Amino acid sequence: MEGTSSGEEVDEAEDSSNETRQSPETAAAADDSAPYIGQRFLTHDAAYEFYGGFAKRCGFSIRRHRTEGKDGVGKGLTRRYFVCHRAGNAPAKPFSDGATTQRNRKSSRCGCRALLRIGRDAGAGVPEWRVTGFSNHHNHELLRQDQVRSLPPAYRVISDSDRDRILLLAKSGISVQQMMRIMELEKCFVPGSLPFTEKDARNLIHSFRRFDQEEENVDLLKMCRIFKEKDPNFKYDFTRDAHNRLENIAWSYASSIQSYKVFGDALVYDTSHRLNALDTSLGIWIGMNNHGMPFLFGCMLLREENLQSFTWALQVFLNFMNRKAPQTILTDQNIYLKEAVEKELPNTKHAFSIWLMAARFPSWFSAVLGEHYNDWENEFYRLYNMESTMDFDLGWSDMVDCYGLHGNRDISSLFASRSSWASPYLRGHFSAGLTASPGVSKSINDFIQRLLSAQRYLSRFIEQVALVVDYKDQAGEQQTMQQNLQNASFKTATPMEGHAAAILTPYAFSKLQDELVAAAHYASFQLEGDVFLVRHHTKTEGGCIVTWNQREELISCSCQMFESSGILCRHTLRVLTTLNYFQIPDHYLPVRWHKNLPPPSKSLHVAPNLSGASERVKTLQSIVSALVSEAAKSDERMDLATHEVSALLSRVRQQPVSVNVSGDSAHSSLAAVAKHCVCAENVNISK
């Protein structure tokens, strides 16, 4: 017997369930898929699975109740009972003398009489199970479809094929959240409708780990020590628990630390991934460089996601970066992380990353909204990009009314925290474009996926992450070279546009250029003193207020675009044009967007006593300048120069680094570089 009867109500229901009975609440949900007297199944497990699916659609869960007979004894197992999870009454707790602590938890059982009874039928030669009793009368409220995922795991079943697929995806480094989405797409399921949850998948992965976790953890420290010997500027830190086992570990590469000095004004701390092989949380620090490309600042592996771990992570990261705090940090919605940021980064703006939040939207709202989900998502992003907080709040209220989301706890939670993620509420806080567009989030996600792929080689994980970062650096340098070789395409032919193109990277210039083009369609009206009203020429109301301080050459706009992105808005550019400015003031072309920044990850070490070193550097710079000039004359030359120089740069990096190089050998190396460039140019000309 698998269970005992928990109350007279269940026994009475068993006796009176020879007919199919349904409550009005479940009649509509049951339709043709409801159990019926005489229905046959090959096994009792098949009957249980069928009843579990029916229960899920109706809004309740089931459990196995009791059996009659026993396998291998007499006629064997002859009858089984499956009941609602709220059937029976909770047994009375034994009297406590105070020596032991009892859990004061209310039972969910309320004497529900819903059940399915099946009997074994061996008359047909092949044993079958036939439904002999069914009652679907509940004495409690059933759950709505958007609440069924909170039911007990009676019908949450992972089939053998799904299990194999989950384990295969886990070995390839795919996160649980991503593998759920992949399997939904493969099965053509609506998001959130798989027969198991993320927690079920994570538990499965945990139970099938087939290696010694502690041995791998020790290897992580060994990897860091080896890397430190190769690169003294590499930094790492770790903690151990009470049993001297590795608990947390963090590291950052020399190039990451150098880049942070320029691009550490805004960053993302993504803690939504796990290193499945070690069953640890993987935290990734990411920023954006002057070419709009993601850059890794550091990695963290935390055994537990609690206040103590996150506090340690923030402290270590600041130590890596010489205690320089970012202006803005974007994270996931985690209460422990939020508290840690408030404590360790009191002067930093803490916001929630919209693309980390949006990854959960399908599981939150897809089942609720059904076919209207895509329309709702479009409306959400329209509200997200609004300029006014008042318009956002009013639009949000209309959206809730339109899609019937009153009482939805997820939509209520989003609105309550809107000051931490909605664009109108974050204006004035610098984000370097990390919250700007879907293209940015896609670029960062692609970069993160490359990082996650490194866990396929766990024994060399630190090194593999470094290779991903180095690959990204080289790809970035190649893209930068291509951008710099391209002649800027002017759209307004104004001196201001030419001035910006000479200073800013193509990425930043394109953003400013869009604003310059739009500024031509705006009118400015001087109100009083140095205050201007700027609005679109087709509008008769509204607009933005621009304030100008002539003495200090300071200009500000109520839209606060410059404060958020470091790019002047169309309103300020319109006023500067009105004031006969032909160049943008230098302090409105931030250094972090300049094109001529020295590569932060590389440094040129020249010994003071090395005769002629500076002259050789000047000669090399002259050759490179000539190469750029010649390559810019055609697309074919540009492609060839980019390809050849990128290959040359890779070979140069493979050479040993030494400052004690004789003048002859240095000149010989330089001659080789010059010869290579000239040969490349001659090959192109011959074509």
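**View 1. The surface and overall make-up of the protein in a predicted model.** The protein exposes about 35900 Å², and carbon and sulfur atoms supply 51% of that area. The model shown here is a predicted one, and of the 687 residues of the protein, 43% count as buried. Its secondary structure comes to 25 helices and 17 strands. When contacts between residues at least 6 apart in sequence are considered, 62% of them join residues at least 24 apart.

**View 2. An open sheet of seven strands with mixed pairing.** Read across the sheet, the strands follow the order S7-S8-S11-S10-S9-S12-S13. Strand S7 (235-240) and strand S13 (349-352) stand at the edges with a single partner strand each, so one side of each is left without a neighbour in the sheet. Neighbouring strands of this sheet are turned by 20° against each other on average, with direction ignored. As background to this view, the strands of a sheet pair through backbone hydrogen bonds, and they do so either parallel or antiparallel.

**View 3. Strand S10 and its two neighbours, S9 and S11.** Nine of the nine residues of strand S10 (residues 280-288) are buried, so the strand is largely enclosed by the rest of the structure. Strand S9 (residues 266-275) runs antiparallel to S10 and is joined to it by six bridges, and Leu 275 stands opposite Thr 280 of S10. Strand S11 (residues 294-302) also pairs with S10 in the antiparallel sense, here over eight bridges, and Ile 284 has Cys 299 in S11 as its bridge partner. S10 and S11 form a hairpin with five residues between them, and in the turn Gly 292 has a positive phi of about 75°.

**View 4. The pairing of strand S8 with S11.** Strand S8 (residues 246-252) pairs with S11 in the antiparallel sense, and four bridges make up this pairing. Within this part of the sheet, Asn 248 stands opposite Leu 302, a residue of S11.

**View 5. An aromatic pair formed by Phe 361 and Trp 376.** In the protein, the count of aromatic pairs comes to 38. Phe 361 and Trp 376 form an edge-to-face pair, with 5.4 Å from centre to centre and 75° between the planes. Phe 361 lies in helix H12 (residues 361-369) and Trp 376 in helix H13 (residues 373-384), so the pair ties together parts that are 15 residues apart in sequence. Both partners, Phe 361 and Trp 376, are buried.

**View 6. Two arginines placed over aromatic rings, Arg 66 and Arg 592.** The charged end of Arg 66 sits over the ring of Tyr 81, at 4.5 Å from the centre of that ring. Elsewhere in the sequence, Arg 592 lies over the face of Trp 593, and here the distance from the ring centre is given as 4.5 Å.

**View 7. An open sheet of four strands with antiparallel pairing.** The order of the strands in this sheet is S14-S15-S16-S17. At its edges are strand S14 (522-528) and strand S17 (554-557), each of which pairs on one side only, and the twist averages 25° from one strand to the next. Strand S16 (residues 544-549) and S17 pair in the antiparallel sense over four bridges, and the bridge partner of Val 546 in S17 is Cys 557.

**View 8. The surroundings of Phe 525 in strand S14.** Phe 525 counts as partly exposed, because its relative accessibility is 38%. Leaving aside neighbours within four places in sequence, Phe 525 is in contact with Val 531, Phe 532, Leu 533 and Arg 535. Of these contacts, the one with Arg 535 involves a residue 10 places away in sequence, and the two C-alpha atoms are 8.8 Å apart in space.

**View 9. The surroundings of Cys 569, in the loop between helix H21 (561-565) and helix H22 (570-578).** With a relative accessibility of 2%, Cys 569 counts as buried. Leaving aside neighbours within four places in sequence, Cys 569 is in contact with Glu 515, Cys 557, Cys 559 and Met 561. Cys 569 and Asp 514 are 55 residues apart in sequence, whereas their C-alpha atoms are 9.2 Å apart in space.

Terms used: Residues numbered from 1 in each chain as written. Predicted model: local features only at pLDDT ≥ 70, side-chain atom pairs only at ≥ 80, totals over all residues. Heavy atoms only, no water. Buried < 20%, exposed > 50% of the residue type's maximum accessible area, 1.4 Å probe, protein only. Pairing = 2+ DSSP bridges. Contact = heavy atoms within 4.5 Å. Areas by Shrake-Rupley, 256 points an atom, 1.4 Å probe, with all protein chains shown as cover. Axes fitted to C-alpha atoms, helices over the stretch in contact; angles between N-to-C directions. Phe/Tyr/Trp six-rings, centres within 6.5 Å; stacked < 30°, edge-to-face > 60°. Lys NZ or Arg CZ within 6 Å of the ring centre and 35° of its normal.
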